[in-house]
Amino acid sequence: MITLNVNKNEVIVEDGCTVAAAVFAAGCDGFHRSVSGEVRGPLCGMGVCFECRVTIDGIRLSRSCNILAADGMEVMTDE
């Protein structure tokens, strides 16, 4: 098990889990907002749709479904 922070809340997930799964485990449905303000979240689960973008350790627009969660990682959604 690993511990990371999603929107400043501690989340514990299994090692090997994607960041997208950790964000869902944190209870977040919205990952980012469209230019019109609409809440967006993952559609494809493999990085093609770009709807899973979040900020990971200060790096904006990271595709969370393609990145494995790591111990101590800081994740921020637009929620």
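Me: A strand is a DSSP run of E with at least two residues, and strands are numbered from the N terminus. What makes S1 and S2 a pair?

Reply: This is a predicted model, in which local features need pLDDT of at least 70 and side-chain atom pairs count only at pLDDT 80 or more, while totals for chains, interfaces and linings use all residues. Residues are numbered from 1 along each chain as its sequence is written, and side-chain values use heavy atoms, with hydrogens and water left out. Two strands pair if DSSP finds at least two bridges between them. S1 (residues 2-6) and S2 (residues 9-13) are joined by 5 bridges, and they run antiparallel. Thr3, for instance, has Ile12 in S2 as its bridge partner. The hairpin of these strands has 2 residues between them, and Asn7 takes a positive phi near 50 degrees there.

Me: Why is the contact of Arg40 with Glu38 called a salt bridge?

Reply: The term requires a side-chain nitrogen of Lys or Arg within 4 Å of a carboxyl oxygen of Asp or Glu. The N to O distance between Arg40 and Glu38 is 3.1 Å, so the contact meets that rule. Glu51 also forms a salt bridge with Arg40, with the closest N and O atoms 3.0 Å apart. Glu51 lies in the loop between strand S4 (39-40) and strand S5 (53-56), whereas Arg40 is in S4, so this pair ties together parts 11 residues apart in sequence. Glu38, Arg40 and Glu51 are thus linked in a network of salt bridges, and the whole structure holds 2 such bridges.

Me: How do you know whether Glu51, Arg40 and Glu38 are buried or exposed?

Reply: Buried means under 20% relative accessible area, exposed means over 50%, and partly exposed lies in between (1.4 Å probe, protein chains only). Glu51 has 14%, so Glu51 is buried. Arg40, at 23%, is partly exposed, as is Glu38, at 44%.

Me: What makes a space in this model a cavity, and how many are counted?

Reply: On a 1 Å grid over the protein atoms alone, a cavity is a set of points where a 1.4 Å probe fits but cannot get out. The count comes to 1 cavity of 30 Å³ or more. The largest cavity holds about 30 Å³ of space, a volume being the space filled by probe spheres set on the points. Lining residues have an atom within 4 Å of a point; here they are Gly30, Phe31, His32, Arg33, Val39, Asp78 and Glu79.

Conventions: Helices (H or I, at least four residues) and strands (E, at least two) are DSSP runs, numbered from the N terminus. On a 1 Å grid over the protein atoms alone, a cavity is a set of points where a 1.4 Å probe fits but cannot get out, and a pocket is an open set with protein on both sides within 12 Å along at least five of seven lines; lining residues have an atom within 4 Å of a point.
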